[in-house]
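Here is a short report on one protein model. It covers helix geometry, the core and model confidence.

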Amino acid sequence: MEDRDESQSGDRMLTCSQIELLLDDYVDNELDDVLRLQFERHLARCESCAGLVYDCQRIVEVARTLADEPIPTAVSRRLRQRLAEETGCPFAVNGLHVIEKDTE
Ligand SMILES: [Zn+2]
């Protein structure tokens, strides 16, 4: 019983692309407990996903704060576009047609 395979331990690791897919639901608190746990387990080991989630959570917080005040649509669109560009967070461009895969 030395190095046991993670895939056989019952704790399946989510992949980075799965994390991206679940990001919206996680940020919205819509994951069930099991999935949420797996999600957080991935974050504990994956710096890039953890950073992505952190950015998105901050965006959502800001968005919720701003949601209390009426913002002209154009302004909020520009804001979201900029956030998306700066963070690469797909959540920020939800519903917009500005998603560009522009990785360095
Ligand atoms: Zn990852």
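Helix H1 covers residues 16-27, 12 residues in all. Its end C-alpha atoms lie 16 Å apart, which agrees with the 16 Å expected at 1.5 Å a residue. The expected span is 1.5 Å times one less than the number of residues. Helices here are DSSP runs of H or I with at least four residues, strands are runs of E with at least two, and both are numbered from the N terminus.

This is a predicted model: local features need pLDDT of at least 70, side-chain atom pairs count only at pLDDT 80 or more, and totals for chains, interfaces and linings use all residues. Residues are numbered from 1 along each chain as its sequence is written.

Asn29 comes just after H1. It sits in the loop between H1 and H2. Its phi is near 65°, a positive value in a residue other than glycine. Asn29 counts as exposed because it has 8 C-beta neighbours inside 10 Å. The cut-offs are 12 or fewer other C-beta atoms within 10 Å for exposed, 20 or more for buried, and partly exposed in between, with C-beta atoms placed from the backbone.

The protein chain has four helices and zero strands. From the N terminus, the order is α-α-α-α.

| Helix | Residues |
|---|---|
| H1 | residues 16-27 |
| H2 | residues 33-45 |
| H3 | residues 47-67 |
| H4 | residues 73-87 |

Which residues make up the largest nonpolar core? They are Ile19, Tyr26, Phe39, Cys49, Leu52, Val53, Cys56, Ile59, Leu83 and Ala84, 10 residues in all. H1, H3 and H4 each supply at least two of them. H3 gives the most, with five residues. A nonpolar core is a set of buried Ala, Val, Leu, Ile, Met, Phe, Trp, Tyr and Cys residues joined through C-beta atoms within 7 Å. Across the protein chain, buried residues make up 13% of the 104 residues.

Contacts are pairs of residues whose C-beta atoms, placed from the backbone, lie within 7 Å. Among contacts between residues at least 6 apart in sequence, 53% join residues at least 24 apart.

Confidence is given as pLDDT, the predictor's score for each residue from 0 to 100. The protein chain averages 74, and 63% of the residues score at least 70. Among the elements, H2 has the highest mean pLDDT (95) and H4 the lowest (71). Over residues 4-10 pLDDT stays under 50, and the model has four contacts for them beyond four places in sequence. Over residues 95-104 pLDDT is also below 50. That stretch has eight contacts in the model beyond near neighbours in sequence.

Key: Two residues are in contact if their C-beta atoms, placed from the backbone, lie within 7 Å.
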